[in-house]
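Visitor: I would like to learn how to read a structure like this one, feature by feature. Where should we begin?

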Amino acid sequence: MEFLVAPGGSIHGEARVPGDKSISHRSVMLGALATGETSVTGFLQGEDALATVAAFRALGVEIDGPRKGALRIRGVGLEGLRAAPSSLDMGNSGTSMRLLAGILAGQSFASELVGDTSLMGRPMQRVITPLTRMGAVIEAGDGGRPPLRIAGGSKLHGIHYDLPMASAQVKSCVLLAGLFADGETSVTEPAPTRDHTERMLRGFGYDLESQDGSVKLHGGGELRGCEIDVPADISSAAFLLVAASIAPGSELLLTHVGVNPTRTGVISILRLMGADITVSNEREVGGEPVADILVRSAVLKGIDIPRDLVPLAIDEFPVLFIAAACAEGRTVLRGAEELRVKESDRIASMAEGLTTLGIRNEVLDDGIIIDGGTLSGGTIRTFHDHRIAMSFAVAALRAEAQIRILDCDHVATSFPGFDSLTRGLGLQIASRDAGE
Ligand SMILES: O=C(O)C1=C[C@@H](OP(=O)(O)O)[C@@H](O)[C@H](O)C1
Ligand SMILES: C=C(OP(=O)(O)O)C(=O)O
């Protein structure tokens with residue numbers, strides 16, 4: 001499937017984007033390991049979260065739905081998973097593979113984790129190292145890439161782990177393995193990363209201590225089934241925050257958006273660039289902060305992105321690069337080498353597309369320098385990366401000619417219905433099967 005996006009237009013109206021992907025994954029994982037039933041509303045019916053659902057079904061957990069975002073999980077308790085009949089296919093989803101590796105390391109049975117071409121190329125040594133220190137036996141492909149073969153049957157012991165990189169996936173993997181380990185497991189992160197695992201563990205009644213960048217828990221406790229209302233995904237809202245900021249004459253209200261402070265780097269960065277964003281009606285839903293966000297178009301200016309905001313906006317950089325391309329002056333990003341190991345190398349993928357559209361940029365090892373300018377039209381390669389596809393769709397609002405975006409199927413991993421929702425708000429987007 002490809003997108004054809006006509007140039008110009010503005011963004012108007014009100015929207016609730018689909019559910020948060022990180023929280024949706026975790027609701028299935030903790031719901032499965034809990035005693036009793038967990039019911040979830042607002043669940044993301046995107047392929048990544050559905051891969052997590054399919055994996056837990058294969059591990060013997062009864063799950064109804066999702067239907068219109070509602071999901072019911074009959075928890076089997078910490079000891080209740082059983083061996084899957086074949087390897088578990090995590091599709092495009094790094095979060096599913098890395099978090100599940102932590103859970104499966106603590107089981108009595110063996111498991112194998114595989115994924116699509118993108119996931120099979122992503123680094124897994126970052127979870128193999130701490131899990132091995134906890135006593136797990138894991139075999140991986142060349143260079144620590146999937147498939148992951150987790151032997152099972154090893155009694156895990158708690159460790160203290162200093163994360164070598166700011167990664168919520170690695171932190172969560174170690175904490176989830178810690179549920180099955182003897183004694184205390186603790187993790188210290190070099191910079192704050194999303195804390196949905198910690199918040200949700202508490203929501204399931206699990207004791208957890210967090211202080212000064214460290215999180216600590218004891219294995220062998222109990223998770224109790226609960227109700228979870230998943231807020232709209234700020235990472236999906238980000239495309240619309242940038243769209244309405246860069247398209248003159250826009251005004252858009254995004255409702256029920258998750259505004260956990262470990263996720264709002266995109267708002268901070270856009271505000272530093274001069275964006276007109278108002279956050280209102282802040283409330284807490286199931287342990288996660290939620291708000292409505294009003295955004296109006298504004299003249300953006302280039303900035304040096306503060307390094308401490310990088311982990312808080314890690315998935316939003318592709319679309320922030322579009323904001324930078326539309327801004328006056330130069331934007332500099334450093335300290336973002338993690339972008340190179342996402343669904344694609346997001347620094348290289350975005351640099352190629354920006355160059356195609358006539359935007360001057362310089363690629364750095366750990367970031368990029370972008371000079372704002374005039375965007376031409378052109379044909380964009382996405383490297384099968386959902387966020388690259390959606391970012392260049394948004395860019396058309398300020399382009400001089402049509403933008404054609406190849407290979408957009410992966411958009412359904414995180415933002416199913418992106419094209420129809422954005423079309424309803426004013427983006428002149430059409431999708432068609434490749435080869436039509
Ligand atoms: O824990 C999570 O749900 C995620 C953590 C981040 O990955 P890293 O931990 O690799 O930074 C992020 O990029 C990903 O989309 C979701
Ligand atoms: C990096 C992402 O997800 P994952 O690591 O789960 O594939 C993302 O959605 O941008």
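Guide: Begin with a small backbone detail, and bear in mind that this is a predicted model. Helix α7 is followed by Gly205, which has a positive phi near 85°.

Visitor: Is helix α7 mostly covered or mostly exposed, and how many of its residues are buried?

Guide: To read a helix, count its buried residues; a residue is buried if 20 or more other C-beta atoms lie within 10 Å of its own. In α7, which runs over residues 196-203, 6 of the 8 residues are buried, so the helix is mostly covered. The buried ones are His196, Thr197, Glu198, Met200, Leu201 and Gly203.

Visitor: What covers the buried residues of α7?

Guide: The cover includes two helices, α1 (21-33) and α6, and two strands, β12 (209-211) and β13 (214-218).

Visitor: Let us step back to the whole chain. How many helices and strands does it have?

Guide: The protein chain has 14 helices and 23 strands. Its radius of gyration is 21 Å, and the globule rule gives 22 Å for 436 residues; the two are close, so the chain is as compact as a globular protein of that length. The C-alpha trace spans about 60 × 50 × 45 Å along its principal axes. Of the 436 residues, 54% count as buried.

Visitor: How should I read the contacts along the sequence?

Guide: Look at how far apart in sequence the partners are. Among contacts between residues at least 6 apart, 75% join residues at least 24 apart.

Visitor: Which domains does the assignment give?

Guide: Domain 1 is made of two segments, 2-19 + 231-432, and domain 2 covers 21-229. Their C-alpha centres lie 28 Å apart. The contact between them takes 26 residues from domain 1 and 28 residues from domain 2. On the side of domain 1 that touches domain 2, helix α13 (residues 411-414) gives the most, with 3 residues. That side divides into 8 nonpolar, 12 polar and 6 charged residues.

Visitor: What does the UniProt record add about domains?

Guide: An unreviewed UniProt entry places the feature "domain: Enolpyruvate transferase" at residues 6-418. Over residues 6-418 the chain is 30% helix and 24% strand, and the end C-alpha atoms are 16 Å apart.

Visitor: Now the ligands. Which residues surround ligand 1?

Guide: List the shell, then ask where its members come from. Around ligand 1 are Ser22, Thr95, Ser167, Ala168, Gln169, Ser172, Arg194, Ile314, Asp315 and Glu338. Helix α6 supplies the largest share of this shell, 3 residues. By class, the shell has 2 nonpolar, 5 polar and 3 charged residues. Domain 1 and domain 2 each contribute at least three residues to the shell.

Visitor: Where does ligand 2 lie with respect to the two domains?

Guide: Both domain 1 and domain 2 give residues to the shell around ligand 2, so ligand 2 lies between them. The shell consists of Asp48, Ser93, Gly94, Thr95, Asp315, Lys342, Glu343, Arg387 and Ser414. Its classes are no nonpolar, 4 polar and 5 charged residues.

Visitor: Which residues does UniProt list for "binding site"?

Guide: The unreviewed entry lists Lys21, Ser22, Arg26, Ser167, Gln169, Asp315 and Lys342. A listed position can then be read in three steps: its element, its burial and its contacts. Take Ser167, in the loop between β10 (160-162) and α6 (168-178). Ser167 is buried because it has 22 other C-beta atoms within 10 Å. Leaving out residues up to four places away in sequence, Ser167 touches Arg126 and Thr193.

Visitor: Where is Asp315, and why does Asp315 count as buried?

Guide: Asp315 sits in the loop between β17 (288-296) and α10 (317-325). It counts as buried because it has 24 C-beta neighbours inside 10 Å. With residues up to four places away in sequence left out, Asp315 touches Ser235 and Arg387. Asp315 appears in the shell of ligand 1 and in the shell of ligand 2.

Visitor: Can we try the steps on a residue in a strand?

Guide: Use His256, in strand β15 (residues 251-258). His256 has 20 C-beta neighbours inside 10 Å, so it counts as buried. Apart from residues up to four places away in sequence, His256 touches Arg16, Pro231, Ala232 and Val290.

Technical notes:
Residues numbered from 1 in each chain as written. Chains lettered and ligands numbered in written order. Predicted model: local features only at pLDDT ≥ 70, side-chain atom pairs only at ≥ 80, totals over all residues. UniProt positions renumbered as here; feature names shortened; annotations may be inferred. Helix = DSSP H or I, 4+ residues; strand = E, 2+ residues; numbered from the N terminus. Buried ≥ 20, exposed ≤ 12 C-beta atoms within 10 Å, placed from the backbone. Contact = placed C-beta atoms within 7 Å. Near = placed C-beta within 6 Å. Nonpolar A, V, L, I, M, F, W, Y, C, P; charged D, E, K, R; others polar. Domains from an automatic or database assignment. Rg over C-alpha atoms; globule rule 2.2 N^0.38 Å.
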